[in-house]
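User: I am a first-year student and would like a close look at a single part of this structure. Please take one strand as the starting point and then follow the chain to what surrounds that strand.

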Amino acid sequence: MNIVLLGSPASGKGTQAELLCQKFGLYHLSTGDISRELSKKEARIKEIVDSGKLIPQEEMTMYVINFLTKEKPGLKNILFEGFPRFIPQYEALEAFLKTNGDDIDVVFSLDVSKEEAVRRISARRTCQKCGRVYNLITNPPKIADFCECGGKLVLRKDDEPEGVRVRFEYYKENTEKLIDYLDQKGKLVRINGERLIEEIQEDLVKWINSIQNLKTK
Ligand code: AMP
């Protein structure tokens, strides 16, 4: 089963993705994590990611498809987080999976208001060493300013006010169009992301179980 998880910045995609991958044994393909790794090696990518802009869409599509073809040939059961973000990225992914006899089984959109997302981002701290994400209010670290791995917790560059403004602009301009497109095709499941982590997870698990049941019938 292949799942796409869409949502605005700070909609909780990363948290829900990790829980789902543990529960269903899915491979977690996060293009945000990939981009942050790439930005350690390439100044051009770092400039894009830190400013909250998006990597040129065709470049990211090529990266994902190359990765799946060369690094993980035949990989099944993938949870795509942060990809696709554009209609052409969605179509390219769908076409790629179909040529391998596979498909996108479900697309979830984790919906939160911009106000809630901004509130979450201002309380979000990320470990410089391992990338783990904390929330100073709902999920604070045991030792102030430090991750359990010993790494220092920082405000991610793209979580600073200008980065957040740019990311919402890109989200509105691109991903909201993808969401509307999928909605019209009847491919989208909207999930209310303004609830407890466990409640959202329960909802997602129910959906996935029912889709799995349909597939095995
Ligand atoms: P995220 O953690 O998903 O918000 O992604 C962090 C950053 O990675 C984005 O602001 C982009 O610079 C880059 N990125 C992630 N996914 C994509 C994508 N599908 N297309 C282009 N750039 C992306």
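Analyst: The account below begins with strand 1 (residues 3-7) and its partners, and then turns to other parts of the chain.

This is a predicted model, in which local features need pLDDT of at least 70 and side-chain atom pairs count only at pLDDT 80 or more, while totals for chains, interfaces and linings use all residues. Residues are numbered from 1 along each chain as its sequence is written, and side-chain values use heavy atoms, with hydrogens and water left out.

Helices (H or I, at least four residues) and strands (E, at least two) are DSSP runs, numbered from the N terminus. Strand 1 is mostly covered, for 5 of its 5 residues are buried; buried means under 20% relative accessible area, exposed means over 50%, and partly exposed lies in between (1.4 Å probe, protein chains only). In a regular strand the side chains alternate between the two faces of the sheet. In strand 1 both faces are covered: Ile3, Leu5 and Gly7 are buried on one side, and Val4 and Leu6 are buried on the other.

Two strands pair if DSSP finds at least two bridges between them. Strand 1 runs parallel to strand 3 (residues 78-81), to which 3 bridges join it, and valine 4 has phenylalanine 80 as its bridge partner there. Strand 1 also pairs in the parallel sense with strand 4 (residues 106-111), over 5 bridges; in that pairing, isoleucine 3 has valine 106 as its bridge partner.

Leu6 of strand 1 is also touched by threonine 175, which further touches Arg85 and Tyr170, not counting residues up to four places away in sequence. Contact means heavy atoms within 4.5 Å. Threonine 175 is placed in helix 7 (residues 161-184) and counts as buried, at 4% relative accessibility.

The loops beside these strands contain further details. Alanine 10 is found in the loop between strand 1 and helix 1 (13-24). Its phi is near 60 degrees, a positive value in a residue other than glycine, and alanine 10 counts as buried at 9% relative accessibility. Asparagine 77, in the loop between helix 4 (57-71) and strand 3, also has a positive phi near 60 degrees, but asparagine 77 is partly exposed, with a relative accessible area of 32%. The loop between strand 3 and helix 5 (87-99) holds proline 84, and a cis peptide bond, with omega about -5 degrees, joins phenylalanine 83 to proline 84.

Another strand is strand 2 (residues 27-30), which includes serine 30. Serine 30 is buried, with a relative accessible area of 5%. From serine 30 to isoleucine 65 the separation is 35 residues in sequence and 13 Å in space, C-alpha to C-alpha.

A separate open sheet is formed by 3 strands in the order 6-5-7, with antiparallel pairing. Strand 6 (133-135) and strand 7 (153-154) stand at its edges with a single partner strand each, so one side of each is left without a neighbour in the sheet. Strand 5 (residues 124-127) pairs with strand 6 over 3 bridges in the antiparallel sense, and threonine 126 has valine 133 as its bridge partner in strand 6.
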